[in-house]
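Grab a coffee and pull up the structure. Here are some short exercises on side-chain pairs, each with a worked solution.

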Amino acid sequence: MLLLLGVSAVALALPLLKARPTLLPPPPTEIPPFVLTPAFAMEYDAHVLRLALDGRCRMEREFFIVASPPRDRMDGRRELGLLAFPKDLGCPSVRFEDEARFDANVHRCLDRMAREQLHSPLPCLQETYPGLASWMSLEMPRYRSDAQGLSATVDFGIHCGPLCGSGWRSTLRLKNGVWRVIGTEPTWIS
(Lines give C-alpha, C1' and ligand atoms only; values in the text may rest on other atoms or scores of the structure.)
Protein backbone atom coordinates (compact mmCIF):
# COMPACT_ATOMS: atom_id res chain seq x y z
CA MET A 1 0.00 0.00 0.00
CA LEU A 2 2.81 2.37 0.82
CA LEU A 3 4.39 1.60 -2.51
CA LEU A 4 1.15 2.38 -4.28
CA LEU A 5 0.83 5.64 -2.35
CA GLY A 6 4.40 6.64 -3.21
CA VAL A 7 3.92 5.90 -6.92
CA SER A 8 0.68 7.88 -6.90
CA ALA A 9 2.39 10.86 -5.27
CA VAL A 10 5.18 10.79 -7.86
CA ALA A 11 2.65 10.47 -10.67
CA LEU A 12 0.81 13.53 -9.35
CA ALA A 13 3.98 15.57 -8.73
CA LEU A 14 5.71 14.77 -12.04
CA PRO A 15 3.42 16.94 -14.22
CA LEU A 16 3.88 19.81 -11.76
CA LEU A 17 7.65 19.52 -12.04
CA LYS A 18 7.52 19.42 -15.83
CA ALA A 19 5.11 22.38 -16.00
CA ARG A 20 7.33 24.51 -13.79
CA PRO A 21 8.27 27.66 -15.68
CA THR A 22 11.89 27.83 -16.77
CA LEU A 23 13.93 30.41 -14.95
CA LEU A 24 15.54 33.05 -17.09
CA PRO A 25 19.24 33.63 -16.52
CA PRO A 26 19.99 36.76 -14.55
CA PRO A 27 20.55 39.85 -16.71
CA PRO A 28 24.20 40.59 -17.45
CA THR A 29 25.77 42.87 -14.93
CA GLU A 30 25.92 46.37 -16.28
CA ILE A 31 29.41 47.74 -16.82
CA PRO A 32 29.79 50.87 -14.73
CA PRO A 33 30.98 53.90 -16.69
CA PHE A 34 34.56 54.96 -16.15
CA VAL A 35 34.87 58.10 -14.03
CA LEU A 36 38.03 60.11 -14.66
CA THR A 37 39.71 61.59 -11.59
CA PRO A 38 42.68 63.95 -11.30
CA ALA A 39 44.67 61.23 -9.51
CA PHE A 40 44.03 58.73 -12.32
CA ALA A 41 44.98 61.28 -15.00
CA MET A 42 48.18 62.21 -13.17
CA GLU A 43 49.11 58.54 -12.83
CA TYR A 44 48.39 57.37 -16.38
CA ASP A 45 48.10 60.20 -18.95
CA ALA A 46 51.83 60.63 -19.69
CA HIS A 47 52.44 56.90 -19.92
CA VAL A 48 49.43 56.27 -22.19
CA LEU A 49 50.37 59.19 -24.49
CA ARG A 50 53.99 58.03 -24.71
CA LEU A 51 52.93 54.47 -25.60
CA ALA A 52 50.43 55.72 -28.20
CA LEU A 53 53.09 57.87 -29.90
CA ASP A 54 55.50 54.93 -29.88
CA GLY A 55 58.62 55.54 -32.01
CA ARG A 56 57.64 59.13 -32.65
CA CYS A 57 58.97 59.90 -29.17
CA ARG A 58 62.50 58.88 -30.12
CA MET A 59 62.93 60.63 -33.45
CA GLU A 60 66.22 62.50 -33.62
CA ARG A 61 65.78 64.70 -36.66
CA GLU A 62 62.09 65.53 -36.54
CA PHE A 63 60.85 68.39 -34.41
CA PHE A 64 57.21 68.16 -33.41
CA ILE A 65 55.07 70.78 -31.79
CA VAL A 66 52.06 69.44 -29.97
CA ALA A 67 49.27 71.97 -29.91
CA SER A 68 45.86 70.40 -29.50
CA PRO A 69 44.05 70.47 -26.17
CA PRO A 70 40.87 68.40 -25.80
CA ARG A 71 37.75 69.43 -27.68
CA ASP A 72 34.17 68.21 -27.35
CA ARG A 73 34.94 66.00 -24.38
CA MET A 74 32.26 63.98 -22.65
CA ASP A 75 34.57 62.41 -20.06
CA GLY A 76 34.65 65.29 -17.55
CA ARG A 77 38.25 66.25 -18.38
CA ARG A 78 37.29 69.85 -19.12
CA GLU A 79 35.26 70.19 -15.90
CA LEU A 80 38.12 68.71 -13.86
CA GLY A 81 40.62 71.15 -15.39
CA LEU A 82 42.66 68.29 -16.90
CA LEU A 83 43.29 69.98 -20.24
CA ALA A 84 47.05 70.52 -19.95
CA PHE A 85 49.42 67.91 -21.26
CA PRO A 86 51.71 66.32 -18.68
CA LYS A 87 54.79 68.46 -18.06
CA ASP A 88 57.15 65.60 -18.84
CA LEU A 89 55.78 63.32 -21.52
CA GLY A 90 59.08 61.48 -21.82
CA CYS A 91 59.24 62.15 -25.57
CA PRO A 92 62.48 63.96 -26.45
CA SER A 93 61.31 64.74 -30.01
CA VAL A 94 58.07 66.37 -28.84
CA ARG A 95 57.89 69.95 -27.65
CA PHE A 96 54.66 71.51 -26.43
CA GLU A 97 53.55 74.86 -27.74
CA ASP A 98 50.61 76.95 -26.60
CA GLU A 99 47.73 76.24 -28.99
CA ALA A 100 46.66 79.88 -29.37
CA ARG A 101 50.22 81.03 -30.14
CA PHE A 102 50.82 78.14 -32.55
CA ASP A 103 47.47 78.68 -34.33
CA ALA A 104 48.25 82.40 -34.69
CA ASN A 105 51.62 81.54 -36.27
CA VAL A 106 50.03 78.96 -38.60
CA HIS A 107 47.33 81.44 -39.73
CA ARG A 108 49.94 84.15 -40.26
CA CYS A 109 51.98 81.76 -42.40
CA LEU A 110 48.93 80.53 -44.32
CA ASP A 111 48.00 84.14 -45.12
CA ARG A 112 51.57 84.80 -46.26
CA MET A 113 51.52 81.60 -48.31
CA ALA A 114 48.33 82.74 -50.11
CA ARG A 115 49.65 86.29 -50.66
CA GLU A 116 53.01 85.16 -52.00
CA GLN A 117 51.61 82.10 -53.80
CA LEU A 118 53.88 79.71 -51.92
CA HIS A 119 53.23 75.96 -51.84
CA SER A 120 53.71 75.45 -48.11
CA PRO A 121 53.57 77.39 -44.85
CA LEU A 122 56.60 75.44 -43.62
CA PRO A 123 59.36 77.96 -44.55
CA CYS A 124 57.39 80.69 -42.78
CA LEU A 125 56.85 78.50 -39.70
CA GLN A 126 60.56 77.64 -39.66
CA GLU A 127 61.32 81.32 -39.08
CA THR A 128 59.51 81.04 -35.73
CA TYR A 129 60.33 77.38 -35.08
CA PRO A 130 63.83 76.66 -36.47
CA GLY A 131 64.24 73.08 -37.61
CA LEU A 132 60.51 72.42 -37.84
CA ALA A 133 59.83 69.71 -40.43
CA SER A 134 56.28 68.87 -39.35
CA TRP A 135 54.00 69.34 -36.41
CA MET A 136 51.72 67.11 -34.44
CA SER A 137 48.20 67.47 -33.16
CA LEU A 138 47.54 65.31 -30.14
CA GLU A 139 44.50 64.71 -27.98
CA MET A 140 44.47 63.60 -24.39
CA PRO A 141 43.52 59.94 -23.80
CA ARG A 142 39.88 58.97 -23.68
CA TYR A 143 39.33 56.21 -21.13
CA ARG A 144 36.38 53.82 -20.97
CA SER A 145 35.28 50.61 -19.30
CA ASP A 146 33.95 47.65 -21.24
CA ALA A 147 33.48 43.93 -20.73
CA GLN A 148 37.24 43.36 -21.08
CA GLY A 149 38.26 46.04 -18.58
CA LEU A 150 39.73 49.51 -19.03
CA SER A 151 40.86 50.86 -22.40
CA ALA A 152 42.13 54.18 -23.75
CA THR A 153 42.20 55.78 -27.18
CA VAL A 154 44.55 58.53 -28.29
CA ASP A 155 44.06 60.50 -31.52
CA PHE A 156 47.03 62.25 -33.12
CA GLY A 157 48.10 63.57 -36.49
CA ILE A 158 51.26 64.68 -38.25
CA HIS A 159 50.96 67.83 -40.36
CA CYS A 160 53.52 69.15 -42.83
CA GLY A 161 51.49 71.74 -44.72
CA PRO A 162 48.34 71.94 -46.84
CA LEU A 163 47.39 68.54 -48.25
CA CYS A 164 50.29 67.00 -46.37
CA GLY A 165 49.72 64.88 -43.30
CA SER A 166 47.86 61.99 -41.76
CA GLY A 167 46.18 60.99 -38.53
CA TRP A 168 45.95 57.87 -36.38
CA ARG A 169 44.08 56.47 -33.40
CA SER A 170 45.93 54.23 -30.97
CA THR A 171 43.93 51.94 -28.71
CA LEU A 172 45.45 50.69 -25.47
CA ARG A 173 44.24 48.24 -22.86
CA LEU A 174 45.11 48.04 -19.17
CA LYS A 175 45.76 44.43 -18.16
CA ASN A 176 47.32 43.31 -14.88
CA GLY A 177 48.32 46.91 -14.14
CA VAL A 178 50.20 47.36 -17.44
CA TRP A 179 49.08 49.46 -20.42
CA ARG A 180 49.67 47.89 -23.83
CA VAL A 181 48.93 49.18 -27.32
CA ILE A 182 46.50 46.75 -28.94
CA GLY A 183 46.25 48.59 -32.25
CA THR A 184 46.85 51.78 -34.21
CA GLU A 185 44.69 52.62 -37.20
CA PRO A 186 44.71 55.50 -39.68
CA THR A 187 41.88 58.03 -39.28
CA TRP A 188 42.59 60.60 -41.99
CA ILE A 189 45.06 61.53 -44.73
CA SER A 190 45.53 64.65 -46.83
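The exercises below cover salt bridges and then disulfides in this predicted model.

**Exercise 1.** Find how arginine 112 and glutamate 116 pair up, and where they lie.

*Solution.*
- Start with the contact: the two side chains form a salt bridge, with N to O at 3.5 Å. That fits the cut-off, which asks for a Lys or Arg side-chain nitrogen within 4 Å of an Asp or Glu carboxyl oxygen.
- Next, place them: both sit in helix α4 (residues 99-116), 4 residues apart, or about one turn of the helix.
- Last, check the accessibility: arginine 112 has 22% relative accessible area, so it is partly exposed. Glutamate 116, at 42%, is partly exposed too.

**Exercise 2.** Sort arginine 142 and glutamate 139: is each one buried or partly exposed?

*Solution.*
- The two side chains meet in a salt bridge, 3.3 Å from N to O.
- The cut-off you need: buried means under 20% relative accessible area.
- Arginine 142 comes out at 28%, so call it partly exposed.
- Glutamate 139 comes out at 19%, so it counts as buried.

**Exercise 3.** Work out which parts of the chain the pair of arginine 173 and aspartate 146 ties together.

*Solution.*
- The closest N and O atoms of arginine 173 and aspartate 146 are 3.0 Å apart, and the two form a salt bridge.
- Arginine 173 belongs to strand β6 (residues 164-175) and aspartate 146 to strand β4 (residues 142-146), so the salt bridge ties together parts 27 residues apart in sequence.
- Both arginine 173 and aspartate 146 are buried.
- Zooming out, the whole structure has 9 salt bridges. Shared partners also link Arg95, Glu97 and Arg101 into one network.

**Exercise 4.** Describe the disulfides: how many does a search of the whole structure find?

*Solution.*
- The search turns up 2.
- Take cysteine 109 and cysteine 124: their disulfide has an S to S distance of 2.1 Å. The S-S torsion is about -70 degrees, so this disulfide is left-handed. Cysteine 109 is in helix α4 and cysteine 124 in helix α5 (residues 122-128), so the bond links distant parts of the chain, 15 residues apart. Both cysteines are buried.
- Now cysteine 160 and cysteine 164: their sulfur atoms lie 1.7 Å apart in a disulfide. This link is left-handed, with -85 degrees about the S-S bond. Cysteine 160, at 22% relative accessibility, is partly exposed, and so is cysteine 164, at 28%.

Conventions:
Residues numbered from 1 in each chain as written. Predicted model: local features only at pLDDT ≥ 70, side-chain atom pairs only at ≥ 80, totals over all residues. Heavy atoms only, no water. Helix = DSSP H or I, 4+ residues; strand = E, 2+ residues; numbered from the N terminus. Buried < 20%, exposed > 50% of the residue type's maximum accessible area, 1.4 Å probe, protein only. Disulfide = S-S within 2.5 Å.
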